[in-house]
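Subject: Handing over the model

Hi,

Here is the structure I promised to pass on. Have a look at it first, then read my notes below.

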Amino acid sequence: MNNATVGKHPCPECGGDLQWNAAKQALACPYCGTIVPLSEAAAGVGDGSGGVVEQDLLAALKRLQDEAALPPPLPPKPQGGVVGMLQSMAATPAEQRGYGAQPREVQCQSCHAISVFVDGKVADRCEFCGSPSIIDHESLGDAITPQSVLPFKISDGQVRDIIRKWYGTRWFAPSKLKRAALTDTLKGMYLPYWTFDAQVAARWTAEAGHYYYVSVSYRDSKGNSQTRQERRIRWEPASGSLQHFFDDELVPGTVGVHPELLDKIGRFPTTSDLKPYSPEFVRGWTVERYQVDLRQAAQLGEEQMQAQTRYLCSEQVPGDTQRNLQVQATYSKRTFKHILVPVWLVSYTYGSRSFQILANGYTGALAGERPYSAWKIFFAVLGAVLVLLLMLLVLGGGR
């Protein structure tokens with residue numbers, strides 16, 4: 001994964017580097033406070049004027065296949081995922097690649113994240129795991145330019161308040177957790193995602209089960225004759241069809257953020273709030289470059305659609321239960337986008353383990369990892385046992 005800090009846009013008042021301000025929803029100078037509306041940004045490729053465009057997926061995959069038949073020269077000693085990434089980039093014209101600046105790449109030797117920096121800016125620690133073990137890495141070429149971006153809406157002050165409240169509800173966390181976690185810098189970054197659209201036409205068959213009840217006679221433990229109701233299932237053949245449009249099925253292109261946390265911070269409103277990509281949205285923010293290429297993402301997206309299609313067909317089966325569901329689906333009008341979504345990330349180390357706290361930079365939804373205090377758990381269990389013993393003593397003494 002590559003992190004890119006995109007090139008500068010000078011402040012018209014003091015010449016400082018303007019940055020996208022989530023609270024003001026505009027470009028702002030961190031030095032003199034000057035606010036510059038986004039419309040005043042310099043025009044050019046990727047300036048946000050082209051609209052949010054869906055790309056033809058099958059055409060792009062065909063270009064990948066053609067390039068695979070005649071592979072371009074590859075750099076020496078490619079590392080995991082490089083070939084697929086280069087082939088994915090080859091499927092996109094040169095004018096649709098890059099972030100608008102000459103990068104320098106470094107690779108973390110702990111989590112293997114690849115970070116890209118421009119304009120001479122260099123990190124001394126990994127953005128994702130905090131490790132100081134980073135070395136120069138040979139450039140893999142320009143990444144595909146994102147078609148769309150979901151700008152930051154939650155400011156750093158807002159997310160710090162959300163994280164503090166989250167800390168306060170972690171009852172069994174070590175007492176030093178707040179201090180240990182907050183000593184690390186809160187980082188705002190844009191994560192790469194792929195979105196996939198498709199129209200599905202499916203036909204399904206299944207056995208639909210309908211519950212019914214019959215009276216059954218039996219003798220109880222005293223030998224008396226009794227009756228009870230027993231449930232039975234009547235199976236009937238069933239079939240049907242489904243028409244459904246998948247709009248922005250999301251597939252993460254990140255490998256630096258823990259996937260279980262991404263699942264917990266909720267969906268990003270990509271179907272309604274996306275903006276055409278402009279470098280102005282990402283001024284002053286870290287941008288991660290995808291490591292899940294288009295071919296891999298398309299396969300994952302199709303698997304997600306197949307699972308959802310099967311679920312939707314299952315919902316159509318009549319009756320109370322079902323079995324032997326068979327689904328035949330055809331997908332058409334398949335398109336994709338490469339987009340950026342905002343997150344706030346806190347990475348910290350407690351003991352020998354690393355933890356992450358992740359917040360949705362647009363909705364504020366938060367999910368986090370934390371250690372557990374063995375002593376707090378022990379005393380909580382001990383307290384519960386003592387309370388139970390005391391209750392038994394009181395109840396026993398009252399007899």
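A term to settle before anything else: a patch here is made of residues with over 30% relative accessible area and no salt bridge, and nonpolar side chains such as Val and Leu are joined into one within 5 Å. With that in hand, V381, V385, L386, L388, L389 and L392 make a nonpolar surface patch of about 550 Å². L392 sits in helix α7, which covers residues 374–397. Keep in mind throughout that this is a predicted model.

Now the overview. The protein has 399 residues, and 42% of them count as buried. There are 7 helices and 16 strands. About 21400 Å² is exposed, with carbon and sulfur atoms supplying 52% of that area. If you take the contacts with a separation of 6 or more, 75% of them are between residues 24 or more positions apart.

On to the inside. Nonpolar side chains tend to be buried together in soluble globular proteins. The largest nonpolar core in this model has 27 residues, and W194, F196, W204, L294 and F336 have the most contacts inside it. Which elements feed this core with at least two residues each? They are α1 (57–69), β10, β11 (225–252), α6 and β14. β10 gives the most, with 8 residues. There is also a second, separate core of 24 residues, which includes W20, V149, V282 and A359.

Next, the salt bridges: the structure holds 9 of them. As a reminder, side chains of opposite charge can pair when their charged atoms come close. Three of the pairs seemed worth writing down for you.

- E54 and K337 meet through their side chains at 2.8 Å, N to O. E54 is in the loop between β4 and β5 (55–56) while K337 is in strand β14 (residues 321–350), so this pair ties together parts that are 283 residues apart in sequence. K337 is buried, with a relative accessible area of 1%, whereas E54 is partly exposed at 31%.
- E207 and R323 form a salt bridge at 3.1 Å, N to O. Since E207 belongs to strand β10 (residues 187–219) and R323 to strand β14, the pair ties together parts that are 116 residues apart in sequence. Both ends are partly exposed: E207 has a relative accessible area of 24%, and R323 has 37%.
- R334 pairs with E302, and their closest N and O atoms are 3.3 Å apart. This one links distant parts of the chain, with R334 in strand β14 and E302 in helix α6 (residues 294–316), 32 residues apart. R334 is buried at 18% relative accessible area, but E302 is partly exposed at 29%.

One of these pairs belongs to something wider: salt bridges that share partners join E54, D248 and K337 into one network.

Strand β14 also leads into a run of hairpins. β14 and β15 pair in the antiparallel sense over 8 bridges, with T349 standing opposite S354 in β15. What sits in the turn of this hairpin? Between the strands there are 2 residues, and G351 in the turn has a positive phi of about 70°. Strand β15 (residues 353–360) is mostly covered, as 6 of its 8 residues are buried. β15 then pairs with strand β16 (residues 366–368), again in the antiparallel sense, over 3 bridges. L358 has A367 in β16 as its bridge partner. That hairpin has 5 residues between the strands, and G364 takes a positive phi near 85°.

Back towards the start of the chain, there is an open sheet of 3 strands in the order β2-β3-β4, with antiparallel pairing. Its edge strands are β2 (19–21) and β4 (35–36), each pairing on one side only. Strand β3 (residues 26–28) pairs with β4 over 2 bridges, and L27 stands opposite V36 in β4.

Is T34, in the loop between β3 and β4, buried or exposed? T34 has 17% relative accessibility, and because the cut-off for buried is under 20%, T34 counts as buried. Leaving aside neighbours within four places in sequence, T34 is in contact with C11, P12, E13, L18, L27, A28 and C29.

Over to you!

How values were computed. Residues numbered from 1 in each chain as written. Predicted model: local features only at pLDDT ≥ 70, side-chain atom pairs only at ≥ 80, totals over all residues. Heavy atoms only, no water. Pairing = 2+ DSSP bridges. Helix = DSSP H or I, 4+ residues; strand = E, 2+ residues; numbered from the N terminus. Patch = residues over 30% accessible without salt bridge, like charges linked within 9 Å, V, L, I, M, F, W, Y side chains within 5 Å. Areas by Shrake-Rupley, 256 points an atom, 1.4 Å probe, with all protein chains shown as cover. Salt bridge = Lys/Arg side-chain N within 4 Å of Asp/Glu carboxyl O. Buried < 20%, exposed > 50% of the residue type's maximum accessible area, 1.4 Å probe, protein only. Contact = heavy atoms within 4.5 Å. Core = buried A, V, L, I, M, F, W, Y, C linked by side-chain atoms within 4.5 Å.
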